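Please open the structure in your viewer and keep the selection tool at hand. The tour below moves from stop to stop, saying what to select and what is there.

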Amino acid sequence: MKWHKPTLLLAELGESLAMALNALVAHKLRSALTLLGVLVGVFSIILVTTAMRALKNNVETELTRLGAQTFAIQRWPAVYFGGPQGAQKYWRRKNITYAQGQLVQRKATLAKSVGLERNFWGGQIETRYHKTPPTVQLFGETPESFPARDWIVAEGRGVTQTDVDNARDICVLGSGLAKTVFPSGSPVGEHLKINGANYTVVGVLASKGGALGGEQDNFAVVPITTGLNRLGRWSWSLMILVQARDAASYEDTVEQVRGILRVIRKVRPGDEDDFELFSNDSVIAQFNTFTLAVRIGISVVSSIALIAAGIGIMNIMLVSVTERTREIGVRRAVGAKKRNIMTQFIMEAVVLCEVGGVLGVLLGIGSGNIAAHFMKAPTVIPFDWAFLGLVICSVVGIVFGTYPAWKAANLDPIESLRYE
């Protein structure tokens with residue numbers, strides 16, 4: 001049987017692997033210290049990737065609350081990663097007022113609907129069954145906000161224009177909040193208190209499930225005029241939610257609304273907008289750009305750690321060649337070829353890297369998901385990055401193990417046998 005046949009090659013690889021594992025076991029402390037560098041490099045990549053992917057999944061869920069062909073306009077960017085100095089220009093902007101929003105509603109002829117929204121942040125809901133912490137989100141809305149937000153009324157009705165015009169004391173509850181404060185029956189027609197003020201429940205929204213930092217269904221909706229009156233915050237900036245008629249007219253609708261707002265807010269020709277316009281896709285793209293920069297930064301740092309670990313592996317393998325010079329001479333004397341010696345030493349370097357890589361992947365996935373748990377995000381396993389990490393470990397082992405293996409394979413057999 002010739003040596004180049006597949007069965008013989010597999011047998012040689014299996015023998016080299018067994019010898020590599022025996023060599024690692026024989027020098028436990030040295031092996032552990034050597035693979036530590038590989039472990040740290042792979043661990044840092046997998047940790048950040050796992051945490052970022054979990055965060056990304058939740059942020060995408062959170063940011064896709066807008067309905068189809070819908071974009072939003074507000075004073076601040078939807079996602080902002082700059083420092084305090086960059087935020088100054090946003091602070092200097094004028095608020096988007098209720099009157100400006102009404103003008104957009106009347107003039108945006110290409111839009112299917114234009115909704116106005118104010119997020120009043122945390123409030124306390126109190127019923128005869130339950131009192132919540134003061135962390136329930138409160139939204140002031142117009143009827144057009146419901147399709148723009150992709151809110152579906154599962155029970156009762158939503159906010160009507162009559163509710164807005166008369167600033168009625170009614171509210172619509174998210175399904176999660178409804179089950180919490182009215183656990184034993186339908187909340188429609190029931191009364192509750194929001195921050196001490198009385199409201200009548202007229203509807204319940206369909207469930208959307210969990211999201212980063214809480215529940216998408218843990219909120220209450222009131223007419224925007226009611227919220228502004230009750231909370232005394234008419235000076236706060238609003239959000240405008242615009243839904244285009246279809247995908248074909250989306251861009252034209254965006255440009256029309258932008259032009260209307262620039263005129264209303266007296267933005268001079270050539271000056272940049274003094275408001276931010278965004279959609280699901282634009283916000284997710286911006287978030288992905290930010291996370292990509294973080295991943296690249298971590299990858300660079302981890303690559304340096306892997307290179308340092310590779311140099312350490314080369315050093316240890318050179319020491320191993322010197323220590324096992326006589327063993328190499330014996331193997332050559334009984335018929336081992338240069339390629340057998342090279343395969344054995346390269347295999348040792350690869351196994352050393354792979355053990356560190358596997359440990360790094362396991363620790364990285366575990367730690368990343370622990371971080372995801374604290375961020376209230378679901379667990380994820382980045383199989384692609386785990387596989388890539390192990391491939392990189394193999395490359396590091398081959399690259400940094402080749403020279404020691406070549407040196408071992410080219411030792412003079414006679415001189416090796418004489419080595420003490």
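What follows is a walk through a predicted model, one selection at a time.

**First stop: a helix with two sides to look at**

Begin by selecting helix H13, which covers residues 383–409, and then pick out leucine 388 within this helix. With a relative accessibility of 38%, leucine 388 counts as partly exposed, because the buried class ends under 20% and the exposed class begins over 50%. Now add Phe387, Val391, Ile392, Val395 and Val399 to the selection, since these residues and Leu388 make up a nonpolar surface patch of about 500 Å².

Keep Leu388 and Ile392 selected, for both also appear in the lining of the second largest cavity, where they are joined by Val42, Ile45, Ile46, Leu306, Trp385 and Gly389. Which elements give two or more residues to this lining? They are helix H2, which spans 28–63, and H13, and of the contributors it is H13 that gives the most, with 4 residues. The space in this second largest cavity comes to about 50 Å³, and the structure holds 2 cavities of 30 Å³ or more. If you colour the lining by class, you should find 7 nonpolar residues, 1 polar residue and no charged ones.

**Second stop: a pocket with a charged lining**

For a lining of another kind, select Lys89, Arg92, Arg93 and Lys94, then add Arg265, Lys266, Val267 and Arg268, and finish with Asp271, Glu272, Asp273 and Asp274, which together line the second largest pocket. About 210 Å³ of space lies in this pocket. How many of the lining residues are charged, and how many are nonpolar? The count gives 11 charged residues and 1 nonpolar residue, with no polar residue in the lining.

Two members of this lining deserve a selection of their own, namely arginine 268 and aspartate 271, whose side chains meet in a salt bridge with 3.3 Å from N to O. Arginine 268 is exposed, having a relative accessible area of 61%, whereas aspartate 271 is partly exposed at 35%. From there, move on to Glu255, Arg258, Arg262 and Asp273, which are joined into one network by salt bridges that share partners; Asp273 will already be familiar from the pocket lining.

**Third stop: more salt bridges**

The structure holds 11 salt bridges in total, and two further examples can be selected here. Take arginine 128 and glutamate 190, whose side chains meet in a salt bridge at 3.2 Å, N to O. Arginine 128 lies in the loop between strand E3 (125–126) and strand E4 (136–141), while glutamate 190 lies in the loop between helix H7 (175–181) and E7, so this pair ties together parts that are 62 residues apart in sequence. With a relative accessible area of 60%, arginine 128 is exposed.

Next select arginine 157 together with aspartate 163, and look for the salt bridge between their side chains, which has an N to O distance of 2.7 Å. Are these two partners buried, partly exposed or exposed? Arginine 157 is partly exposed, with a relative accessible area of 31%, but aspartate 163 is buried, with a relative accessible area of 0%.

**Fourth stop: two loop residues with positive phi**

Most residues other than glycine have a negative phi, so the backbone at the next two selections is worth a careful look. Alanine 167, found in the loop between helix H6 (161–165) and strand E6 (170–173), has a positive phi of about 50° although it is not a glycine. This alanine 167 is partly exposed, with a relative accessible area of 22%.

Then go to asparagine 195, placed in the loop between strand E7 (191–194) and strand E8 (197–205). The phi of asparagine 195 is near 55°, again a positive value in a residue other than glycine, and its relative accessibility of 43% makes asparagine 195 partly exposed.

**Last stop: a pair far apart in sequence**

To end the tour, select arginine 118 in strand E2, which runs over residues 111–123. Arginine 118 is buried, with a relative accessible area of 13%. Add glycine 227 to the selection and draw a line from C-alpha to C-alpha: arginine 118 and glycine 227 are 8.3 Å apart in space, though 109 residues separate them in sequence.

Key: Residues are numbered from 1 along each chain as its sequence is written. This is a predicted model: local features need pLDDT of at least 70, side-chain atom pairs count only at pLDDT 80 or more; totals for chains, interfaces and linings use all residues. Side-chain values use heavy atoms; hydrogens and water are left out. Patches are made of residues with over 30% relative accessible area and no salt bridge: like charges are joined within 9 Å, nonpolar side chains (Val, Leu, Ile, Met, Phe, Trp, Tyr) within 5 Å. Accessible areas come from the Shrake-Rupley method with a 1.4 Å probe; for residues, only the protein chains shown count as cover. A salt bridge is a side-chain nitrogen of Lys or Arg within 4 Å of a carboxyl oxygen of Asp or Glu. Buried means under 20% relative accessible area, exposed over 50%, partly exposed in between (1.4 Å probe, protein chains only). On a 1 Å grid over the protein atoms alone, a cavity is a set of points where a 1.4 Å probe fits but cannot get out, and a pocket is an open set with protein on both sides within 12 Å along at least five of seven lines; lining residues have an atom within 4 Å of a point. Grid points are joined across faces, edges and corners, and a volume is the space filled by probe spheres set on the points. Ala, Val, Leu, Ile, Met, Phe, Trp, Tyr, Cys and Pro count as nonpolar, Asp, Glu, Lys and Arg as charged, and the others, Gly among them, as polar.
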